[in-house]
Every structure is written in C-alpha cells, then in structure tokens.
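Work through the exercises below with the structure open. Try each task before reading its solution.

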Amino acid sequence: MRPVLEVAVREQAELGEGPTWDPAAGRLIWVDILSSRIHTYDPSNGRRTVMATGQHVGAAKPRAGGGLVAVLRDGTGLYDADGTFSWLVHDPVPGRRGNDAAVAPDGALWAGTMRYDEAEAGGSLSRIAPDGTVSRLLDTVTVSNGTGWSPDGRFMYYTDTPTRRIDVFDVDGERVLNRRPFATVEQGAGWPDGLTVDAEGCVWTALWDGAAIRRHTPDGRLDRIVELPVRRPTACAFGGPGLRDLYVSTARTGLDAPHPLSGSLLVLPDVGQGLPGTPFAG
C-alpha cells in the first residue's frame, strides 16, 4: 500500500537538510543550509521556530544539556538554550563548509565537510568529542552526507554522494574499519543523500534528483521505494510519538521549475519504527 504523504511544514527552503528528532523537546529540528537558518517544528501543536545562524549551516543536533550543536561554514558551534553562541571548533577554510552530521551512540558528533565547488576529495568526515577534540576519520571525501549506525552499534553507514554508494564500516570504538559497499544507486535513479537507520537495521536513504526514498535491508537488499512529488529530497529521519513517522527534508536550489512542495518538510506517517537518537554530549 502506498504510504500517505503529508506536509509538516510548508516552506521554500533553498536547501532543506538534516531532519533530527529532539525527544526532550518533542520537536523536529532541520536546517536550510543556504539560507543560514535552523528550523524547529513541534507536531503536537504546529509551533515553529526559525533561527538565523549568520553563516551557512550544514546540520544542527540537540545537546544533552539543552540547546544545539551546529555544523557551520567555519567550524562547529554551540548554542545554549537561551541562544548564546560559542565556538567548539573554529576551523575556517576558504571555499569549504560543513555539511551533514550525526551523533554517534557515545555522544560524539561525526561531522562532514565539502567544497562549495564540490571539488573531488575536497571534504572530510571527522569525529568531534564533547570537549572539542577533533579526530579525522575520512579524508578525500567529495560531498560528505548520510551517516548512521546499526541498532547494535557494530556498523556505521556512510554516503559520499558522488560515488553513488552507501558504504558500511565496522565500528571499533572511536574508529571505523573495513569500508565496503552496502548499496549502490544506479545511473538515472538519483544520488544518495542523507540517511537514517530504523529499529530493524534497515537503511532509509533520500535520493537527490531521484524523487524518492529507498529502504535497504541489513544485508543491502532494496526492499522498498517511496516515490515523492519533489525532485530533490535531501534526508530523512524518524520522529513524532513512538518514532513512527518519517520526516523528509527537501530542496529547491538549482531547479528551474520546482514543485510547489520543494523546500518543504514532508512527513510519511506510521511507515516504520525509528531508533532513539543520542544527543550531543558537549
């Protein structure tokens, strides 16, 4: 049966990205990278907030003590609950910005970067500890995107979008080892972007220019395709009561004739069972 698609937030985000459920606040956090804004949405009452960041923001995640950690153009910053900002890692590189990020089960932030011109091997993936210590995990990344962990924490899934692959690693403490292909998106079906892992260990991936979400089983088999009216979904995450609803961020940047819902936050109610997220421990 085709799932019902609803509009959670009607918006014209240039590059909506990174939906993340904040269980402590009962809200969904997402960003508009190119408009330099962090959005929140409470599905229980429809309440929204929008906060300007002053520079491009690739991701925003909840912190254990309240507030947000944000992956920005010039590094990683902390917003306290009252909006006060401070840099955790200030590392500006001309022509580079932060992109997608995820919080690991141990509370560390795994943050990606990319070049604005998407130059090959111009980005990276790094682990940022709660005290701001940075450990480089992957060099020679082009467009660092989806990052997620299996329910038991043994595997990490990762997408460098131009490769057309979702890769899987073994997790060894703070390191990742034994990189190998998990799934490949064929030519003409779009490009793998943000991802999330559900309670069954299945990997859901948004397909940029593919107008769809795909789910792969833990052994890499494609078992579900959810078609969308928008051409550029960017990422997905489970949220809402019981983590049953799949939220999808979307983009309108670069489209000559975007669909009216391009840039909105969409939701597929009751399509699966999400995993509880971990807030950033810093």
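**Exercise 1. Decide how well strand 22 is covered, then find its partner.**

Solution. Strand 22 is mostly covered, with 7 of its 7 residues buried. Buried means under 20% relative accessible area, exposed over 50%, and partly exposed in between, with a 1.4 Å probe and protein chains only. Strands are DSSP runs (E, at least two residues) and helices are runs of H or I of at least four, numbered from the N terminus.

Next, the partner. Strand 22 pairs with strand 23 (residues 245-250) in the antiparallel sense, over 6 bridges. To count as a pair, two strands need at least two bridges found by DSSP. Across this pairing, A235 stands opposite S249 in strand 23. Now look at the hairpin of the two strands: 5 residues lie between them, and G240 takes a positive phi near 80°.

A note on the model: it is predicted, local features need pLDDT of at least 70, side-chain atom pairs count only at pLDDT 80 or more, and totals for chains, interfaces and linings use all residues. Residues are numbered from 1 along each chain as its sequence is written, and side-chain values use heavy atoms, with hydrogens and water left out.

**Exercise 2. Describe the open sheet that contains strand 3.**

Solution. Start with the order: 4 strands run 2-3-4-5, with antiparallel pairing. Strand 2 and strand 5 (48-52) are the edges; each has a single partner strand, so one side of each lacks a neighbour in the sheet. From one strand to the next, the twist averages 20°. Such angles run from 0 to 180 degrees between N-to-C directions, with axes fitted to C-alpha atoms.

Then take the inner pair. Strand 3 (residues 27-32) and strand 4 (residues 37-41) are antiparallel over 5 bridges. V31 stands opposite I38 in strand 4.

**Exercise 3. Do the same for the open sheet that contains strand 15.**

Solution. The order is 14-15-16-17, again 4 strands with antiparallel pairing. Strand 14 and strand 17 (175-184) stand at the edges with a single partner strand each, so one side of each has no neighbour in the sheet. Neighbouring strands here are turned by 25° against each other on average, direction ignored. Strand 14 meets strand 15 (residues 155-160) in the antiparallel sense over 4 bridges. W149 stands opposite M156 in strand 15.

**Exercise 4. Characterise the largest pocket.**

Solution. Its volume is about 730 Å³. Of the 34 lining residues, the closest to the centre are V103, T196, L275, G277 and T278. A pocket is an open set of points on a 1 Å grid over the protein atoms alone, where a 1.4 Å probe fits, with protein on both sides within 12 Å along at least five of seven lines; lining residues have an atom within 4 Å of a point. Strands that each supply at least two lining residues include strand 2 (16-22), strand 10 (96-103) and strand 18 (191-197). By class, the lining has 21 nonpolar, 11 polar and 2 charged residues. Asp, Glu, Lys and Arg count as charged; Ala, Val, Leu, Ile, Met, Phe, Trp, Tyr, Cys and Pro as nonpolar; the others, Gly among them, as polar.

**Exercise 5. Characterise the second largest pocket.**

Solution. The volume is about 340 Å³. There are 17 lining residues, and M114, E118, V143, N145 and W208 are the closest to the centre. Strand 10 and strand 18 each supply at least two of the lining residues.

Definitions and conventions. Grid points are joined across faces, edges and corners, and a volume is the space filled by probe spheres set on the points.
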